[in-house]
Amino acid sequence: MERLFSLLFDPPVHSALLLFSALVLALLSLALYLLRSLQATLCSCDVCASYLSSSWSSEFPNLCDWYTHLLRSSPTGTIHVHVLRNTITANPVNVEHIVRARFDNYPKGKPFNAILGDLLGRGIFNADGESWRFQRKMASLELGSVSVRAYAFDIVRGEIETRLVPLLASRMGCGNVDLQDVFRRFSFDSICKFSFGLDPGCLQLSLPVSSFALAFDLASRLSAERAAHVSHGVWKAKRLLNVGSERRLRDAIKLVNALAEEVIRQRRRLGSFATRNDLLSRFMGTVDDDVYLRDIVISFLLAGRDTVASALTGFFWLLSRNPEVERLIRGESDLVMGSSAGDVLASYEQMQHMHYLHAAVHESMRLFPPVQFDSKFASADDMLPDGTAVGGGTRVTYHPYAMGRMERIWGPDCLEFRPERWLQDGVFRPESLYKFPVFQAGPRACLGKEMAVVEMKSVALALVRRFDVRVVGTDQQARFSPGLTATMSGGLPVIVQERGASAGSPPWVVE
């Protein structure tokens, strides 16, 4: 017996026993999840067979395009992916039901909390109940303030004038520039200044490598990939054993946490939270839990960096294929600001008169929403307005990307980039948020919508007035990488020229 105890506490033997125990627990967990989803996994319908085999990829460039095809073909605009226990809809009536009428029955839910919990923690995008209401109330008070919005606008203008325009001017005649990467750097610097009062300097002329940005991108992608597993037991087992993608995710989140914790420490050292304009200081005046603050920091970054950069990338992808839209944006801005190409920064009041620009930004997000889909989990059995039955505990997803491509919603020209559809007698006319749920709707509608749109318009106008931006390549369809927000695979390579330098030099899209 004494010999047995000595072996058990021998370090190598002890480690082996722990590893063996972890493996057994992981296998048991995996078996349990597989048993729970056995019925769904054995589904032999064409949709599930195509999903499991990835045969859809032979015909469609992206999963979102395949879903769009299925939703178009459905009489109700709703489909079931049984192996994922997921009901997906592109029906505006269903969207209103999910996000407003039966809001309490469709929280983010524990499965979603588990998938993104390691990265987002209890942040507003992953929270329900009191935690969500507290963050929502705090953010609403701050983002609704005129002084806070003015502060954000000044930051964006300064970043455009001192970094974005000089950077692109320095790259004229120097080959390809990845505009998606530039926009991600721009929005990262801007959101850090606005939210934390700190300047990471990612958009400096040298384009420094940011280990944090790389880690955040990797963590976002790997977290999103968890949701694609037929059984959550797969990624949970890998996390328990700390192997494969879950090990890389854990390492990436360690780096993300380190920066978030350093941001909080620096804010604490400065003190005087009530007198500072940045959002983190406002929250720190009320919250004394550093883990909770870390989750709030990550949510700020996700909201302010990835979504704006994604929207701007989609805008310029579309603009490069529609030169008439660029011409009309320039013409409208010349009427409001004058025709000097060197005058690229519009005031907030001037942009209020640019209805065509406002329409073009919304039209680009109709076709390329930064967040292509949004999922909830039904708390109890329900019936959607189109007659679709939803089981309690199952996933329900509405799909803005597909909705923007539905003829029954937007008409026979739904695939065309046509800002005029948003104008009535030359004045911008908003659409129902349930038809255009790019900024969500109902109680969870995006609080930063106006600031995001102003930031987009400021950047778009500055670049359109100052440069000719030509996308490299003639691919007819964009390809996306996995992630929490839409990211173009391979970036957005462009050639930047002085405005007018390429006039009359076809093709518009550079080979």
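Here are four short exercises on this predicted model, each with a worked solution.

**Exercise 1. A long look at H15**

Task: Find how far helix H15 reaches and set that beside the expected span. Then decide whether H15 is mostly covered, and find which residue caps its N-terminal end.

Solution:
- Start with the extent: H15 covers residues 290–319, which makes 30 residues.
- Going from the first C-alpha to the last, H15 reaches 43 Å, close to the expected 44 Å at 1.5 Å a residue.
- Now turn to its surroundings: 27 of the 30 residues of H15 are buried, so the helix counts as mostly covered, with buried meaning under 20% relative accessible area.
- Finally, look just ahead of the helix. Asp-289 is the N-terminal cap, with a side-chain oxygen 3.0 Å from the backbone nitrogen of Val-291.

**Exercise 2. Classify two ring pairs**

Task: The structure holds 18 aromatic pairs. Work out whether the pair of Trp-66 and Tyr-67 is stacked or edge-to-face, then do likewise for Phe-183 and Phe-316.

Solution:
- For Trp-66 and Tyr-67, the centres are 5.5 Å apart and the planes make an angle of 25 degrees.
- Planes under 30 degrees apart count as stacked, so this pair is stacked.
- Both of these residues, Trp-66 and Tyr-67, are buried.
- For Phe-183 and Phe-316, the centres lie 5.7 Å apart and the planes stand at 35 degrees, so this pair is tilted.
- Next, place the two rings in the chain: Phe-183 belongs to helix H10 (residues 179–196) and Phe-316 to helix H15, so the pair links parts of the chain 133 residues apart.
- Phe-183 and Phe-316 are both buried.

**Exercise 3. A ring cluster and its charges**

Task: Identify the rings in the cluster that includes Trp-317, and find which arginine lies over Trp-317 and which sits over Phe-368.

Solution:
- Ring pairs join Trp-317, Phe-368, Tyr-401 and Phe-480 into a cluster.
- Over the face of Trp-317 lies Arg-321, at 3.9 Å from the ring centre.
- Over the ring of Phe-368 sits the charged end of Arg-405, 5.5 Å from the centre.

**Exercise 4. Lay out the sheet**

Task: Give the strand order of the open sheet and say which strands stand at its edges.

Solution:
- The sheet has 4 strands in the order S1-S2-S7-S4, with mixed pairing.
- S1 (78–81) and S4 (374–377) each have a single partner strand, so they stand at the edges with one side lacking a neighbour in the sheet.
- On average, neighbouring strands are turned by 25 degrees against each other, direction ignored.
- S1 runs antiparallel to S2 (residues 86–89), and 4 bridges join them.
- Within this pairing, Val-81 stands opposite Asn-86 in S2.

How values were computed
Residues are numbered from 1 along each chain as its sequence is written. This is a predicted model: local features need pLDDT of at least 70, side-chain atom pairs count only at pLDDT 80 or more; totals for chains, interfaces and linings use all residues. Side-chain values use heavy atoms; hydrogens and water are left out. Helices (H or I, at least four residues) and strands (E, at least two) are DSSP runs, numbered from the N terminus. The expected span of a helix is 1.5 Å times one less than its number of residues. Buried means under 20% relative accessible area, exposed over 50%, partly exposed in between (1.4 Å probe, protein chains only). A polar contact is a pair of N or O atoms within 3.5 Å; within protein, one must be able to donate a hydrogen and the other to accept it, and residues adjacent in sequence count only if both atoms are side-chain atoms. Rings of Phe, Tyr and Trp (its six-membered ring) pair if their centres lie within 6.5 Å; planes under 30 degrees apart count as stacked, over 60 as edge-to-face and the rest as tilted. A charge sits over a ring if NZ of Lys or CZ of Arg is within 6 Å of the ring centre and within 35 degrees of the ring normal. Two strands pair if DSSP finds at least two bridges between them. Axes are lines fitted to C-alpha atoms, for helices over the stretch in contact, and angles run from 0 to 180 degrees between N-to-C directions.
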